[in-house]
Amino acid sequence: MILSSAISFDSSSVRAATPKLSQTVISLPSGISTTLKVSGTDKAVKWSSSDENIASVSKKGKVTGKNAGKAIITATIGKQTLQCRVIVRARLSRTKVTLVRYERIFLSLKGASIKRISSSERKVASVSIVKEGKEGMIIGLRRGRATITVVDTTGRKYTCIVKVEEPYQREKYITLEEGQSYRLRLNDTTQKISWSSRNEKVACVNSVGFVTARSKGGTYIYAKVGSKSFSFYIKVLAKKKPEVTPTATPTPTVTPEPTATPTPEPTATPIPTATPEPTATPIPWYPSYPDPEPTDPQPPQIDTDVPTDTDHSNDNNVPTDNNVPTDSSTDSGSHLLF
């Protein structure tokens, strides 16, 4: 049992000492690098490449893709060798770019030669081949987007998206007083803007376009986007001195009189509602007739044929009839004899 344990330990030690590469297959774009490592040994490692024009390797195992193709990277440890297969792909120097109008750039194909180049929107961006197929030139013509297609000598295609902008400035002349600040802007651009001042003693500008007036005078502030530049004229005026306003004498505050507490008026006693008088019964109407006119009473007729007694000698001897009624309320001259 003791002997078997010793044998088992020795075999595991041998397996642990076997050298091994970190990668056996690598795909690299042209111009990109990666590093290979050997584990399981303390001995020195010697590196080599089967084709230095496609992929190169340094003394420390750093592999760099150069031109499109395939190569073998070999690591030698004593008498033992380890290999890694490398595939290098050609690539465009740019796959996405933003230009301003009439700006031009050069597009290169790393790891291969350009056979043909074209633009999907010729009115937006024009293209041409320069330097014997090593580079293509792109010129932005007007605002818009275009796809640039590059074909290498093997027929493989590569694309680059181009965006053309037309930045502009809304103001060119700005007047400030000493100590004032103002932000300048360029419209219709997403690119980084570089700002600078012609005379920083008059006005300075920071990286985002804030201008600060320093002293009286005039200067230019420049903004650059890609290959296009814009200028702003800044006029700085002397700072106005504040006018001294005499302090007015404060008017004493009048203490308001206490508000009189209103006395509530007594509630008026409601007047009893008068009982309506009974309606009078209407008197029936009868036609009226005129009263008869009074008739003058006819004086009594005196019989003139009665003999008149002229002898009044016996008047006192006439017997008096006391039984004759006398009307005392009527004048004696008014009595009538019947």
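Visitor: What stands opposite Leu28 in E9?

Guide: Val88 stands opposite Leu28 in this predicted model. The two strands involved, E2 and E9 (residues 80-89), pair in the parallel sense.

Visitor: How do you know that E2 and E9 pair?

Guide: Two strands pair if DSSP finds at least two bridges between them. E2 and E9 have five bridges, so they count as paired.

Visitor: What makes E2 and E5 edge strands?

Guide: The open sheet has four strands in the order E2-E9-E8-E5, with mixed pairing. E2 (25-29) and E5 (46-49) each have a single partner strand, so one side of each lacks a neighbour in the sheet. On average, neighbouring strands of this sheet are turned by 25° against each other, with direction ignored.

Visitor: Why is the contact between Glu166 and Arg101 called a salt bridge?

Guide: The cut-off is 4 Å from a side-chain nitrogen of Lys or Arg to a carboxyl oxygen of Asp or Glu. For Glu166 and Arg101 the N to O distance is 3.9 Å, so the pair qualifies. Glu166 lies in the loop between strands E17 (157-165) and E18 (173-177), and Arg101 in the loop between E11 (96-100) and E12 (104-110), so the pair ties together parts that are 65 residues apart in sequence.

Visitor: Are Glu166 and Arg101 buried, partly exposed or exposed?

Guide: Partly exposed lies between 20% and 50% relative accessible area. Glu166 is at 26% and Arg101 at 33%, so both are partly exposed.

Visitor: How many salt bridges are there by this rule?

Guide: The count is three. One of them joins Arg143 and Asp188, at 3.5 Å from N to O. That pair also links distant parts of the chain, 45 residues apart: Arg143 sits in the loop between E15 (135-140) and E16 (144-152), and Asp188 in the loop between E19 (181-183) and E20 (194-197). Arg143 has 55% relative accessibility, so it counts as exposed, whereas Asp188, at 26%, is partly exposed.

Visitor: What makes Glu165 buried or exposed?

Guide: Buried means under 20%. Glu165 has 3% relative accessibility, so it is buried. Glu165 forms a salt bridge with Lys163, the closest N and O atoms being 3.5 Å apart. Lys163 is partly exposed at 24%.

Visitor: Why is the pair of Tyr220 and Tyr222 called stacked?

Guide: Ring centres must lie within 6.5 Å, and planes under 30 degrees apart count as stacked. Here the centres are 6.3 Å apart and the planes make 15°, so both conditions are met. Each of the two residues has a relative accessibility of 30%: Tyr220 is partly exposed, and Tyr222 is too. Ring pairs also link Tyr220 and Tyr222 with Tyr173 and Tyr233 into a cluster, and the count of aromatic pairs comes to four.

Visitor: Which residues of the largest nonpolar core touch the most other members?

Guide: They are Leu109, Ile138, Val150 and Val162, out of 20 residues in that core. E11, E12, E13 (114-119), E16 and E17 each supply at least two of its residues. E17 gives the largest share, four residues.

Visitor: What does Val162 touch, leaving out residues up to four places away in sequence?

Guide: Val162 touches, among others, Val97, Leu99, Ala125, Ile138 and Ile148. A second, separate core has 19 residues, including Val100, Val202, Val205 and Val211.

Note on methods:
Residues are numbered from 1 along each chain as its sequence is written. This is a predicted model: local features need pLDDT of at least 70, side-chain atom pairs count only at pLDDT 80 or more; totals for chains, interfaces and linings use all residues. Side-chain values use heavy atoms; hydrogens and water are left out. Rings of Phe, Tyr and Trp (its six-membered ring) pair if their centres lie within 6.5 Å; planes under 30 degrees apart count as stacked, over 60 as edge-to-face and the rest as tilted. Buried means under 20% relative accessible area, exposed over 50%, partly exposed in between (1.4 Å probe, protein chains only). A nonpolar core is a set of buried Ala, Val, Leu, Ile, Met, Phe, Trp, Tyr and Cys residues joined through side-chain atoms within 4.5 Å. Contact means heavy atoms within 4.5 Å. Axes are lines fitted to C-alpha atoms, for helices over the stretch in contact, and angles run from 0 to 180 degrees between N-to-C directions.
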